[in-house]
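Open the model in a viewer and follow the stops below in order. Each stop gives a selection to make and then says what is found there.

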Amino acid sequence: AFACVFAFNSLQAQETQPPQKDEDLFEISLEQLMNIPINSASKKDETLFDAPLSSYTITRTEIERAGSTSIMEALRLAPGVIVREQTNGVYDIHIRGFDNILRTSEVYTKSNLTTLVMIDNRPVFNHNLGGTFWEALPIDLNDVERIEIVRGPSAPLFGPNAVTGVINIITKKVPVNKTMVTATVQQGSPSTTIANLSVGKNAGKFNAIVSGNFQNRKRFDETYFVPSLNTYYTLDQLTALYPDIDTNYPEPEQAMQRFGFNTFVGYAPNENIDFSISAGTQQAETQKIFLSNIFKGSIPFTSNETEATYVNLAGKIKNFNFRSSFSVGHDNLSVEATPNQYDYTVFDLNAEYNIHLGKIGTLVPGVSFQNSVYGDEDYKSEGLTFLNGTEQSIQTTSGFIRTDLKPTEAFRIIAAVRLDKFSVPDEAYFAYEFATTYKLNESNLIRAAVTRSNSGSFIGNN
């Protein structure tokens, strides 16, 4: 009865939505497929075919047809991306050809530390050890309109950490003068529950969306692998070997439990002015392969907790674009083991101005600033800590300039230079990108690029 009522309500809600503009991706031609739009490759709207960098767009239609249950799972649809599932719903994601995996590496360094992940151009990066905690994303698949992927070094265009590429998650927007209501509930094995709800309204100049998401997933198995002993053990067996280890795994059957709440508000009175503000919060608990230390008998699996709140403001006033965000959060990387937890705040600001060079192209100078503050003063009494009970910070000040030139109808040049000055280490790093395309005809294009990119500076490493 519940299913029938829910289906009826869902159908009623769907009537207020505009018809899907996406075509059947299994029916369209290769030429049409290459005309799917992308913005991340050159920071302007264009087709995949014309993009100056190796790129790909995962559309909403592809995601729905594939039956993906998470953003991470949807990334399997992109060529050149490796998606590894550690346990139910917990993933590590690499761009092919740039894996940072060695048998002798620390466990956490085997995760991807060099791909920049963004939500609507807002970086979501861990500045303690680097990388992205995918389970800590505040949004879920229900919020996604498309995912744009740029393969290869792109720091001159996007900033530090875009060493191996960029994954930019673009969220939904309500069509003009429409109302949107979307609700989904999924239940599957092993003991997985997923729920999403989005409500949105567009009133011409104003648009807003409020969304919530929840996931609860159990592990695939009940054992843990101990590399030093080269075998699998249940938690009861491990307790006999390592007393009190069960405190590190308060819910051993749990793979992931997370929830998020987001709101998106936009105001666009005309084509020259556009403001948007988004805010949200998330909380997640997972078991994943991340740290391995003596407190756990060198077991790669750890219980992790993370929570964060963010606000992001972006705007365009004619040729001037800016974006600023602030986030505050808490990470516990290894429950009931030390060193494990810290608090943090991250502030960043980016501003740029578009200078039009007639029909030839554009020149875009800009500046950015980021301040990352991490501290574990509140946890010093618990024993060994990451920062010895202190507060540490890294400031990054950057200047950049990029240009997009089209000397002829067939020939295009993308060039960018960027200088990142870190407070720790007290050095400046120079990055550059030069990409060019030559269109032989409507079906054939030659693309070439040379790039130098750098990662950011991380609290834990410093």
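A contact here means heavy atoms within 4.5 Å. Among contacts in the chain between residues at least 6 apart in sequence, 58% join residues at least 24 apart. The model is predicted, with a mean pLDDT of 87 for the chain; 88% of the residues reach 70 or more. Display the whole chain as a cartoon to see six helices and 25 strands. Of the 462 residues, 48% are buried.

**Stop 1: the stretch to set aside**

Colour by pLDDT and select residues 5-31, where the value stays under 50. The model has 29 contacts beyond four places in sequence for this stretch. Where pLDDT is low, the predicted coordinates should not be read in detail.

**Stop 2: an open sheet**

Select β3, β8, β9, β6 and β7, which form an open sheet in the order β3-β8-β9-β6-β7 with mixed pairing. β3 (55-59) and β7 stand at the edges with a single partner strand each, so one side of each has no neighbour in the sheet. Now keep only β6 and β7 in view: these two pair in the antiparallel sense over two bridges. Met-118 has Pro-123, in β7, as its bridge partner.

In the loop between β6 and β7, pick Asn-121. Most residues other than glycine have a negative phi. Asn-121 has a positive phi, near 70 degrees. Its relative accessible area is 36%, so Asn-121 is classed as partly exposed.

Move to the loop between α5 (155-158) and β9 (165-171) and pick Asn-161. Phi is again positive in this non-glycine residue, at about 85 degrees. Is Asn-161 buried or exposed? With a relative accessible area of 5%, Asn-161 is buried.

**Stop 3: the largest cavity**

Select Arg-122, Val-124, Phe-125, Ser-327 and Tyr-344, the lining residues that lie nearest the centre of the largest cavity. The volume of this cavity is about 430 Å³, and 27 residues line it. At least two lining residues come from each of β7 (122-123), β17 (301-317), β18 (320-332), β19 (341-353) and β21 (361-375). Which strand supplies the largest share? β17 does, with five residues. Sorted by class, the lining consists of 14 nonpolar, 10 polar and three charged residues.

**Stop 4: the second largest cavity**

The model has four cavities of 30 Å³ or more. For the second largest, select Tyr-91, Asp-92, Ser-111, Thr-132 and Trp-134, which lie nearest its centre among 17 lining residues. The space inside is about 170 Å³. β5 (90-95), β6 (115-119) and β16 (273-289) each give at least two residues to this lining, and β5 gives the most, with three. The classes here are seven nonpolar, seven polar and three charged.

**Stop 5: a loop residue and its distant contacts**

Go to Asn-272, in the loop between β15 (254-270) and β16. Asn-272 is partly exposed, at 36% relative accessible area. Beyond its neighbours within four places in sequence, Asn-272 is in contact with Lys-316, Ile-317 and Lys-318. Draw a distance from Asn-272 to Lys-316: their C-alpha atoms are separated by 7.1 Å, although the two residues are 44 apart along the chain.

**Stop 6: the C-terminal hairpin and Pro-52**

Select residues 428-439 and 445-452, which are β24 and β25; these strands pair in the antiparallel sense over eight bridges. Five residues form the hairpin connection between them. Within the pair, Thr-437 is bridged to Arg-447 of β25.

Keep Arg-447 displayed and add Pro-52. Their C-alpha atoms are separated by 6.5 Å, with the two positions 395 residues apart along the chain. Pro-52 is found in the loop between β2 (46-47) and β3. At 1% relative accessibility, under the 20% cut-off, Pro-52 counts as buried.

**Stop 7: two cis peptide bonds**

Most peptide bonds are trans. Select Ser-189 and Pro-190, which are joined by a cis peptide bond with omega of about 0 degrees. Pro-190 is placed in the loop between β10 (179-188) and β11 (192-202). Then select Val-424 and Pro-425, where a cis bond has omega of about -5 degrees. Pro-425 lies in the loop between β23 (411-422) and β24.

Notes: Residues numbered from 1 in each chain as written. Predicted model: local features only at pLDDT ≥ 70, side-chain atom pairs only at ≥ 80, totals over all residues. Heavy atoms only, no water. 1 Å grid on protein atoms, 1.4 Å probe; cavity = no way out; pocket = protein on both sides within 12 Å on 5 of 7 lines; lining within 4 Å. Points joined across faces, edges and corners; volume = space filled by probe spheres on them. Helix = DSSP H or I, 4+ residues; strand = E, 2+ residues; numbered from the N terminus. Nonpolar A, V, L, I, M, F, W, Y, C, P; charged D, E, K, R; others polar. pLDDT = per-residue confidence, 0-100. Pairing = 2+ DSSP bridges. Buried < 20%, exposed > 50% of the residue type's maximum accessible area, 1.4 Å probe, protein only.
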